[in-house]
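Subject: Structure for your review

Dear colleague,

Please find below the structure that I am handing over to you, together with its sequence. My notes on what was found in it come after the model.

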Amino acid sequence: MTKVAAVSGANRGIGFAVVEGECEALGPGATGYLCARDADRGAQAVAELEAKGHRPRLAQLDIASDDSVAGFAEMIASRHGGIDIVVGNAGLAPVPDQHAQIDDFINTNNHGTDRLIGHLRGLLNDG
């Protein structure tokens, strides 16, 4: 059975490194999604991995949006019937002395993680 993996917040940093590691560990038969809120930055990250010989797929995913997460889950269900690996890496970094950002920070970092788990829980394959 072909493994299906997804990493949110994967267009740079730790998420990018996790996608690269999954591509190497799971091999060319697996389907790995590099998920990014910004599709252009995600496409750049995919191109960088492709230049290294990897074949991740890009998925636009904003965990702060229920519609975005629901759409991603529907895509996974229709294309693959389930998912094997989910790495929730997306998040907002706090900006010092910017109290107005608190609602966005909580919606993304707390509710976004719960949103991702909630929509994908039923799609997780055994093992």
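The notes below take the strands first, then an aromatic pair, the pockets and two positions in a helix. Please bear in mind throughout that this is a predicted model.

Strands

I begin with strand β2, which covers residues 31-36. Six of the six residues of β2 are buried, so this strand is largely enclosed by the rest of the structure. In a regular strand, side chains alternate between the two faces of the sheet. In β2, Thr31, Tyr33 and Cys35 point one way, while Gly32, Leu34 and Ala36 point the other way, and all are buried.

β2 has pairing partners in both β1 and β3. With strand β1 (residues 4-7), β2 pairs in the parallel sense over four bridges. Among the residues involved, Val4 has Thr31 of β2 as its bridge partner, and Ala5 has Gly32 of β2. The connection from β1 to β2 passes through α1, and this β-α-β crossover is right-handed. Helix α1 spans residues 13-26.

With strand β3 (residues 57-60), β2 runs parallel and is joined by four bridges. Leu34 has Leu58 of β3 as its bridge partner, and Cys35 stands opposite Ala59 in β3. Here too a β-α-β unit is found: β2, helix α2 (residues 39-51) and β3 together make one that is right-handed.

Strand β1 also pairs with strand β4 (residues 85-87), in the parallel sense and over three bridges. Ala5 of β1 has Ile85 as its bridge partner in β4, and the partner of Ala5 in β2 is Gly32. Both faces of β1 are covered, since Val4 and Ala6 on one side, and Ala5 and Val7 on the other, are all buried.

Aromatic pair

The structure holds one aromatic pair. Its members are Tyr33 and Phe72, arranged edge-to-face, with 6.1 Å centre to centre and 90° between the planes. Tyr33 belongs to strand β2 and Phe72 to helix α3 (residues 66-80), so the pair ties together parts that are 39 residues apart in sequence. Tyr33 has a relative accessible area of 1% and is therefore buried. Phe72, at 4% relative accessibility, also counts as buried; the cut-off for this class is under 20%.

Pockets

Which residues lie nearest the centre of the largest pocket? They are Gly9, Asn11, Arg12, Arg37 and Gly91, and the lining consists of 18 residues. The space in this largest pocket is about 410 Å³. Helix α1 provides the largest share of the lining, with three residues. By class, the lining of the largest pocket divides into six nonpolar, seven polar and five charged residues.

The second largest pocket has a volume of about 260 Å³. Its lining comprises 17 residues, and those nearest the centre are Gly27, Pro28, Ala30, Gly32 and Arg55. The elements that give two or more residues to this lining are α1 and β2. Of the elements, α1 gives the most to the lining of the second largest pocket, namely four residues. The classes in this lining are eight nonpolar, six polar and three charged residues. Gly32, named here near the pocket centre, is also the bridge partner of Ala5 described above.

Two positions in helix α4

Helix α4 covers residues 102-120, and Ile102 is found in it. Are the two positions noted here, Ile102 and Gly118, buried or partly exposed? At 39% relative accessibility, Ile102 counts as partly exposed. Gly118, which also has its place in helix α4, is partly exposed at 42% relative accessibility.

For each position I also give one distance between C-alpha atoms. Ile102 and Ser68 are 34 residues apart along the chain, and their C-alpha atoms are separated by 21 Å. Gly118 and Ala70 are 48 residues apart along the chain, with a separation of 9.4 Å between their C-alpha atoms.

With kind regards

Key. Residues numbered from 1 in each chain as written. Predicted model: local features only at pLDDT ≥ 70, side-chain atom pairs only at ≥ 80, totals over all residues. Heavy atoms only, no water. 1 Å grid on protein atoms, 1.4 Å probe; cavity = no way out; pocket = protein on both sides within 12 Å on 5 of 7 lines; lining within 4 Å. Points joined across faces, edges and corners; volume = space filled by probe spheres on them. Nonpolar A, V, L, I, M, F, W, Y, C, P; charged D, E, K, R; others polar. Pairing = 2+ DSSP bridges. Right-handed = clockwise from strand over helix to strand, strands pointing away. Phe/Tyr/Trp six-rings, centres within 6.5 Å; stacked < 30°, edge-to-face > 60°. Buried < 20%, exposed > 50% of the residue type's maximum accessible area, 1.4 Å probe, protein only.
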